[in-house]
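Q: Please take a close look at one part of this model, the nonpolar core and the helices that build it. Then set that part against the rest of the chain.

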Amino acid sequence: MCNFKLNLFLLFILFTISACNKNDESHSVASSSRDKAVDFVTTQDGKPLPIAETLFSTPAAKDFLHTSKNPYIGNAEAIAKGKKIFQLYSCTQCHGPEAKGQVGPGLTGPDYRYPKDATNKGMFETVWHGTNGGMGAKGIGLMDPTDPNNGITPDDLLKVIAWIRSMSKITGNE
Ligand code: HEC
């Protein structure tokens, strides 16, 4: 009889503990879906493209990570900076000084080789990880296998994209 009571008591404790765990789980699922980051994919084959969250270090980059919208669209200061970064990373050599095309295609759209480049998330992925057709990865850590700190940061890439969109009929945030 005494054993039976003890067993019941232990069962009750176990049940309480597992109920508590469930509560904790549902709590963390709720908060992680609220803070959920955008799922980036490669332009080559649509496979998951993990990018360290710590690289999204500015308010604009953090916004983009969670909304996939580029906050620099229409921001004159960011657009001017974007043009300079475009030159700095030699994008000019292949896409021309006004991104209208040279060796590489024009970037102002609205029609793209990779249709997803009409969105800012799509263009970000294409520049970050490159393509199989002559466009090398420019993302930090990917651009230069010998130096993990070399390459464009998410914030700088958003500025470049804002500059490209400033000459386009689309904003990419549609
Ligand atoms: C060495 C030459 C070269 C450089 C440098 C280069 N690109 Fe490209 N880029 C290309 C080529 C070639 C393509 C076409 C790729 C393909 O068809 O797969 C391309 C494609 C693209 C596309 C996709 C366009 C579309 O129609 O979908 C974007 C966006 C782009 N480049 C942006 C950039 C940016 C931004 C930079 C600088 C950070 C840059 N590229 C630097 C050669 C270059």
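A: The protein chain holds six helices and zero strands. Read from the N terminus, the order of elements is α-α-α-α-α-α. This is a predicted model, so confidence comes before detail, because coordinates with low pLDDT should not be read in detail. The mean pLDDT of the protein chain is 88, and 80% of the residues reach at least 70. Residues 22-33 fall below 50, and that stretch makes zero contacts in the model beyond near neighbours in sequence.

Now the core. The largest nonpolar core has 26 residues. Leu157, Leu158, Ile161 and Ala162 have the most contacts inside it. Two or more residues each come from α2, α3, α5 and α6 (154-166). Helix α6 gives the most, with seven residues. In soluble globular proteins, nonpolar side chains tend to be buried together. Across the protein chain of 174 residues, 26% count as buried.

Take Leu158 as the way in. Setting aside neighbours within four places in sequence, Leu158 touches Ala60, Ala61, Phe64, Asn70 and Tyr72. Phe64 sits in helix α2. Is Phe64 buried or exposed? Phe64 is buried, because it has 25 C-beta neighbours inside 10 Å, and 20 are enough for that class. With the same sequence neighbours left out, the contacts of Phe64 are Lys69, Asn70, Pro71, Pro154 and Leu158. Asn70 thus appears in the list for Leu158 and in the list for Phe64. Phe64 also lies across from a residue far along the chain: its C-alpha atom is 8.4 Å from that of Lys121, 57 residues away in sequence. For the whole chain, consider contacts between residues at least 6 apart in sequence. Of these, 58% join residues at least 24 apart.

Next, the loops. Ser68 lies between α2 (59-67) and α3 (76-88). Its phi is near 65 degrees, a positive value in a residue other than glycine. Ser68 is partly exposed, because 18 other C-beta atoms lie within 10 Å. Ser90 belongs to the loop between α3 and α4. Phi is positive at Ser90 too, near 60 degrees. Ser90 counts as exposed, because it has 10 C-beta neighbours inside 10 Å. Most residues other than glycine have a negative phi, and most peptide bonds are trans. The loop between α4 and α5 holds Pro110. The peptide bond from Gly109 to Pro110 is cis, with omega near 5 degrees.

Last, the ligand. Which residues come nearest to the ligand? Of the 25 residues around it, they are Cys91, Cys94, Gly104, Gly133 and Gly134. Two elements give two or more residues to this shell, α4 (91-95) and α5 (120-129). The largest share is from α4, with four residues. By class, the shell has 13 nonpolar, nine polar and three charged residues. Helix α5 therefore serves both settings: it gives two or more residues to the core, and it gives two or more to the ligand shell.

Notes: Residues numbered from 1 in each chain as written. Near = placed C-beta within 6 Å. Nonpolar A, V, L, I, M, F, W, Y, C, P; charged D, E, K, R; others polar. Buried ≥ 20, exposed ≤ 12 C-beta atoms within 10 Å, placed from the backbone. Contact = placed C-beta atoms within 7 Å. Core = buried A, V, L, I, M, F, W, Y, C linked by C-beta atoms within 7 Å. pLDDT = per-residue confidence, 0-100.
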